[in-house]
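Trainee: I've never looked at this one before. Could you walk me through how to read it?

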Amino acid sequence: MNAAPDSPPDHAELDYPQLLDTAMAAARREAGRGHVAGYIPALASEDPEAFGMALATVDGEVFGVGDWERPFSVQSISKLFSLALVLAAGGDGLWSGVGREPSGTPFNSLVQLETEHGIPRNPFINAGALVVTDRLQSLTGDAAAHVLDFLRTEAGNPAIAVDAAVAASEAEHGHRNAALAHFIASHGNLHNEVDDVLREYFAHCSIAASCRDLALAGRFLARHGLRADGSRMLSRSEAKRINAVMLTCGTYDAAGEFAFRVGLPAKSGVGGGVLAVLPGRAALCAWSPALDRAGNSVAAVAALDAFTTASGLSVF
Ligand code: DON
């Protein structure tokens, strides 16, 4: 019997290389829009018009266009991996120290913490990610090394590394993150020294990885919690929960607009990357350094928008 005309296409029917070309063409039309993140000086020298995109299927095929193998600063995309590692280590108690509601405020905002007793709204704003890093530090003793190791293993790329110059630049200009961490600590919601939490947080944000690396490393969310080697990292329910928080909070104050345009769980970073998940099918990463006012890459969002529009694939 034929499938209903509006049922989702099979892998075999999808021409991923052509869809990526369509996405890149849409990204190129955004050239000149947005601004490279300037508040971390080491990121400011990136070419605003660079673009790359990769797609890794659940069964291990990888496709890419543009600068898809060029490493860039993953920044807040790392928050997704630190969250997954805490939950995988059984850190379900995390949810008493961080919420899962969109903040409706910029990613580095301080205002809600005061009235909400030092409990950040969600794990993807900076305040929430500091709490997640703190818990990963308690569980492992070296939080950033665990994020790095996970990326290297899932991507099969031992060359992925922390960019020490970016980490130093973040630390030097990190007054806001330091303020957030001290405020959270004043409410008893950090279990490690503030300086240790900040060091680990800056280190995992400063990992340099490519679209290819990130698409491969994000596949566990498309595989409902299974790692590349087939071992179970998260339960199906935990993977669903991370995808849900990505959809509602992963692109900050623009998560509604992103869901409206793209319709996929995703996590962005101020390095210009956006990692998105097609549950049951693939993980995708698009990258271009020029950002909109919310801190999301203008061209990467346009590319993902074009991809889901042309393919008819989204979670809706
Ligand atoms: O803490 C910061 O400000 C950066 N390390 C990460 C911010 C970020 O990527 C926000 N993303 N859009």
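**Reading the fold, step by step**

Mentor: Let's start with overall shape. For 316 residues, a compact globule would have a radius of gyration near 20 Å, and the chain has 18 Å, which agrees. Keep in mind that this is a predicted model.

Trainee: Okay. What does the C-alpha trace span along its principal axes?

Mentor: The span is about 60 × 40 × 40 Å. As for secondary structure, the chain has 13 helices and 10 strands.

Trainee: How many of the residues count as buried?

Mentor: Of the 316 residues, 53% count as buried. You can also look at who touches whom: among contacts with a separation of 6 or more, 69% are between residues 24 or more positions apart.

Trainee: How do I decide for a single residue? Take Leu-80: buried or exposed?

Mentor: Count the other C-beta atoms within 10 Å; a residue with 20 or more is buried. Leu-80 has 30 of them, so Leu-80 is buried. You'll find Leu-80 in helix α2, residues 78–88.

Trainee: Which residues is Leu-80 in contact with, leaving aside its neighbours within four places in sequence?

Mentor: Those are Met-246, Lys-267 and Leu-275. Ile-119 makes a useful distance check: Leu-80 and Ile-119 are 39 residues apart along the chain, and their C-alpha atoms are separated by 18 Å.

Trainee: And Arg-236, is that one buried or exposed?

Mentor: The exposed label goes to residues with 12 or fewer such neighbours. Arg-236 has 12 C-beta neighbours inside 10 Å, so Arg-236 counts as exposed. Arg-236 is in helix α11, residues 236–249. Beyond four places in sequence, Arg-236 is in contact with His-224 and Gly-225. The C-alpha atoms of Arg-236 and Leu-226, 10 residues apart along the chain, are separated by 8.6 Å.

Trainee: Now the strands. Why is strand β3 described as largely enclosed by the rest of the structure?

Mentor: You apply the burial count along the strand. Four of the five residues of β3 (residues 62–66) are buried, so β3 is largely enclosed by the rest of the structure.

Trainee: In which sense do β2 and β3 pair?

Mentor: Strand β2 (residues 52–57) pairs with β3 in the antiparallel sense, over five bridges. To pick out one bridge, find Leu-55, whose partner in β3 is Phe-63. The hairpin of β2 and β3 has four residues between the strands, and Gly-60 there takes a positive phi near 100°.

Trainee: What about the ligand? Which residues surround it?

Mentor: The shell includes Gln-75, Ser-76, Phe-107, Asn-108, Asn-126, Glu-170 and Asn-177. Cys-205, Ser-268, Gly-269, Val-270 and Gly-295 also surround the ligand. By class, the shell has three nonpolar, eight polar and one charged residues.

Trainee: What does the UniProt record add?

Mentor: In an unreviewed UniProt entry, the annotation "binding site" covers Ser-76, Asn-126, Glu-170, Asn-177, Tyr-201, Tyr-252 and Val-270.

Trainee: Let's follow Asn-177 and Tyr-201 from that annotation. Where are they found?

Mentor: Asn-177 is in helix α7, residues 175–186, while Tyr-201 is in helix α8, residues 194–205. Asn-177 is buried, with 22 other C-beta atoms within 10 Å. Tyr-201 has 30 C-beta neighbours inside 10 Å and counts as buried.

Trainee: What does each one touch, beyond four places in sequence?

Mentor: Asn-177 touches Asn-126, Leu-130, Leu-198 and Tyr-201. Tyr-201 is in contact with Ala-129, Leu-130, Thr-133 and Asn-177.

Definitions and conventions:
Residues numbered from 1 in each chain as written. Predicted model: local features only at pLDDT ≥ 70, side-chain atom pairs only at ≥ 80, totals over all residues. Helix = DSSP H or I, 4+ residues; strand = E, 2+ residues; numbered from the N terminus. Rg over C-alpha atoms; globule rule 2.2 N^0.38 Å. Contact = placed C-beta atoms within 7 Å. Near = placed C-beta within 6 Å. Nonpolar A, V, L, I, M, F, W, Y, C, P; charged D, E, K, R; others polar. UniProt positions renumbered as here; feature names shortened; annotations may be inferred. Pairing = 2+ DSSP bridges.
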